[in-house]
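These notebook entries record what I looked up in one chain. I kept each entry short and wrote down the values as I found them.

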Amino acid sequence: MKLNRTVLAIALALGACASEPTSISYYMLTSPSSEPVTRQAALPRPSLVIEEVELAAYLRQSGIALQTGSNKLQVSRQHLWAENLELAVPKLLLQELQRQSDDFNFYIRNIDFVPQTDYRLRLHIDNLQATEQGEVLSSGRYQLIATATPAASQTTDFYFTEDLLDDGYEHAVEKMRVLIQDIAKDVLASASVFVTQ
């Protein structure tokens, strides 16, 4: 009888261990602690509207991806995005465009009230992840379109990397924010050339 009680106690202890909840961490690409970009009245300057941000299929789910090989990704079940990246990327891109340039009025289609559209931006992101080689990377392409002459457009490919200086998902997400800054800077450089053509 004593043996049965010992076996029962061990079984209950193991069952309790197995039922402990898994620790889940949530991360935001947009930083709630950063200063919000305030827009007064729209100034008389061209408008650039973020029309579309399309993400690769693996980025359209809640787990944060880690590249573990040249063609292998591991999507975490414990480290998740707090906000859908399809919403977070355009918001962060808008903040960065506004922070880096006074040459345009920037908007996001279907979120902002857009008084007029002079230029449209379409962005496709193929990669946005950390790698086991100690970096984060982003690649894809964007297209700038002049509304007055839709046939006039410019498509640009991009590939940006940042070295990881610390371990952990939190640091990787911080570096992903830097990659969005890099995309914004590249878009602005292309837009300044595109507008003067």
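**Entry 1: a residue in a strand**

I began with L137, which is located in strand 7. I noted at once that I was reading a predicted model. Is L137 buried or exposed? Its relative accessible area is 6%, and the limit for buried is under 20%, so L137 counts as buried. I then looked up the separation of L137 from D163: the two are 26 residues apart in sequence, and their C-alpha atoms are 8.9 Å apart in space.

**Entry 2: the chain as a whole**

I next turned to the overall layout. The chain contains three helices and eight strands. In which order do they follow one another along the sequence? I wrote down the pattern α-β-β-β-β-α-β-β-β-β-α. I also recorded that the chain has 197 residues, of which 39% are buried.

**Entry 3: aromatic pairs**

I found six aromatic pairs in the structure. One of them joins Y142 and F158, with 6.3 Å between the ring centres and 25° between the planes, and this pair is stacked. Why does this pair tie together separate parts of the chain? Y142 belongs to strand 7 (residues 135-146) and F158 to strand 8 (residues 153-163), so the contact joins parts that are 16 residues apart in sequence.

I checked the accessibility of both partners. Y142 has a relative accessible area of 1% and is buried. F158, at 6%, is buried as well.

F158 also takes part in an aromatic pair with F160. Here the centres are 5.8 Å apart and the planes differ by 20°, and I noted this pair as stacked. F160 has a relative accessible area of 19%; because the limit is under 20%, F160 is still counted as buried.

Elsewhere in my list I found a cluster: F104, F106, Y119 and F194 are linked by ring pairs.

**Entry 4: salt bridges around E51**

How many salt bridges are there? The count comes to eight. I looked first at R120 and E51, which form a salt bridge whose closest N and O atoms are 3.1 Å apart. R120 is in strand 6 (residues 119-131) and E51 is in strand 2 (residues 47-55), so this pair ties together parts 69 residues apart in sequence.

The two partners fall into separate classes of accessibility. R120, with a relative accessible area of 15%, is buried, whereas E51, with 22%, is partly exposed.

I then saw that E51 has a salt bridge to R122 too, at 2.7 Å from N to O. This contact links E51 in strand 2 with R122 in strand 6, which are 71 residues apart. What is the accessibility class of R122? With 31% relative accessibility, R122 is partly exposed.

To place these contacts in one picture, I recorded the network: salt bridges link E51, R109, R120 and R122. I added one more separation for R122, this time with E54: the residues are 68 apart along the chain, and their C-alpha atoms are 8.0 Å apart.

**Entry 5: a salt bridge between a helix and a strand**

I went on to K175 and E162, whose side chains form a salt bridge of 3.8 Å from N to O. Why does this pair connect separate parts of the chain? K175 lies in helix 3 and E162 in strand 8, so the salt bridge ties together parts that are 13 residues apart in sequence. I noted K175 as buried, with a relative accessible area of 14%.

**Entry 6: a charged patch**

My last search concerned charge on the surface. Which residues form a negative surface patch? They are D166, D167, E170 and E174. I looked more closely at E174, which is placed in helix 3 (residues 169-196). Its relative accessible area is 37%, so E174 is partly exposed. K175, which I had noted in the previous entry, belongs to helix 3 too, but K175 is buried at 14%.

Note on methods: Residues are numbered from 1 along each chain as its sequence is written. This is a predicted model: local features need pLDDT of at least 70, side-chain atom pairs count only at pLDDT 80 or more; totals for chains, interfaces and linings use all residues. Side-chain values use heavy atoms; hydrogens and water are left out. Patches are made of residues with over 30% relative accessible area and no salt bridge: like charges are joined within 9 Å, nonpolar side chains (Val, Leu, Ile, Met, Phe, Trp, Tyr) within 5 Å. Accessible areas come from the Shrake-Rupley method with a 1.4 Å probe; for residues, only the protein chains shown count as cover. A salt bridge is a side-chain nitrogen of Lys or Arg within 4 Å of a carboxyl oxygen of Asp or Glu. Lys and Arg count as positive and Asp and Glu as negative; His and the chain ends are not counted. The place of a charge is taken as NZ of Lys, CZ of Arg, CG of Asp or CD of Glu. Helices (H or I, at least four residues) and strands (E, at least two) are DSSP runs, numbered from the N terminus. Buried means under 20% relative accessible area, exposed over 50%, partly exposed in between (1.4 Å probe, protein chains only). Rings of Phe, Tyr and Trp (its six-membered ring) pair if their centres lie within 6.5 Å; planes under 30 degrees apart count as stacked, over 60 as edge-to-face and the rest as tilted.
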